Amino acid sequence: AIVARHCGMEVLAMSLITNCCVMEFDSDQKANHEEVLETGKARSKDMQKLISKIVEKIAS
Ligand SMILES: O=P(O)(O)O[C@@H]1C[C@H](O)[C@@H](CO)O1
Ligand SMILES: Nc1nc2[nH]cnc2c(=O)[nH]1
């Protein structure tokens, strides 16, 4: 993104929130990669649709 901006390109960044951050060191809860993969998979179609719509709007 930094190089793209340097070259004068417009940049859109997106992020999918995939899990909760565990703030307490001694918490029983633990963040794990499986929940991240699971959410990514569960939301992949939504992300595809959203990005397609954005590209359509940019192109029109
Ligand atoms: O050990 P961290 O906090 O880096 O772990 C998080 C949770 C997942 O294991 C991974 C992201 O997928 O980072
Ligand atoms: N998606 C995701 N990425 C991370 N990178 C470091 N920690 C995390 C986390 O809890 N979730």
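# Report on a predicted model with two ligands

At 80% relative accessibility, D28 counts as exposed. The model is predicted. D28 sits in the loop that runs between helix 1 (2-6) and helix 2. Between the C-alpha atoms of D28 and S52 there are 40 Å, with the two residues 24 apart along the chain.

A second long-range pair involves A59 and E24. Their C-alpha atoms are separated by 46 Å, and the residues are 35 apart along the chain. A59 belongs to helix 2. With a relative accessibility of 68%, A59 counts as exposed, because the exposed class begins over 50%.

The UniProt record, in an unreviewed entry, lists residues 1-56 under "domain: Nucleoside phosphorylase". Across residues 1-56 the chain is 52% helix and 0% strand. The end C-alpha atoms of this stretch are 21 Å apart.

## Salt bridge

How many salt bridges does the count come to? The count comes to one salt bridge. In it, the side chains of R43 and D46 meet at 3.2 Å, N to O. Side chains of opposite charge can pair when their charged atoms come close. R43 and D46 are three residues apart in helix 2 (residues 33-59), so about one helical turn separates them. R43 has a relative accessible area of 42% and is partly exposed. D46, at 38% relative accessibility, also counts as partly exposed. Both values fall in the partly exposed class because they lie between the 20% limit for buried and the 50% limit for exposed.

## Ligand surroundings

Which residues are found around ligand 1? They are A31, N32, H33 and V36. The protein covers 37% of the 340 Å² of accessible area that ligand 1 has on its own. Sorted by class, the shell of ligand 1 holds two nonpolar, two polar and no charged residues. From H33, a polar side-chain atom lies 2.6 Å from an oxygen atom of ligand 1.

Around ligand 2 the residues are T18, N19 and V36. Of the 280 Å² of accessible area that ligand 2 has on its own, the protein covers 35%. V36 is listed around ligand 1 and is listed around ligand 2 as well. T18 places a polar side-chain atom 2.9 Å from a nitrogen atom of ligand 2. For N19, the distance from a polar side-chain atom to a nitrogen atom of ligand 2 is 2.9 Å.

The polar side-chain distances to the ligands are set out below.

| Residue | Ligand atom | Distance |
|---|---|---|
| H33 | oxygen atom of ligand 1 | 2.6 Å |
| T18 | nitrogen atom of ligand 2 | 2.9 Å |
| N19 | nitrogen atom of ligand 2 | 2.9 Å |

Technical notes
Residues numbered from 1 in each chain as written. Chains lettered and ligands numbered in written order. Predicted model: local features only at pLDDT ≥ 70, side-chain atom pairs only at ≥ 80, totals over all residues. Heavy atoms only, no water. Near = heavy atom within 4 Å. Polar contact = N/O pair within 3.5 Å; in protein donor to acceptor, adjacent residues only side chain to side chain. Areas by Shrake-Rupley, 256 points an atom, 1.4 Å probe, with all protein chains shown as cover. Nonpolar A, V, L, I, M, F, W, Y, C, P; charged D, E, K, R; others polar. UniProt positions renumbered as here; feature names shortened; annotations may be inferred. Helix = DSSP H or I, 4+ residues; strand = E, 2+ residues; numbered from the N terminus. Salt bridge = Lys/Arg side-chain N within 4 Å of Asp/Glu carboxyl O. Buried < 20%, exposed > 50% of the residue type's maximum accessible area, 1.4 Å probe, protein only.
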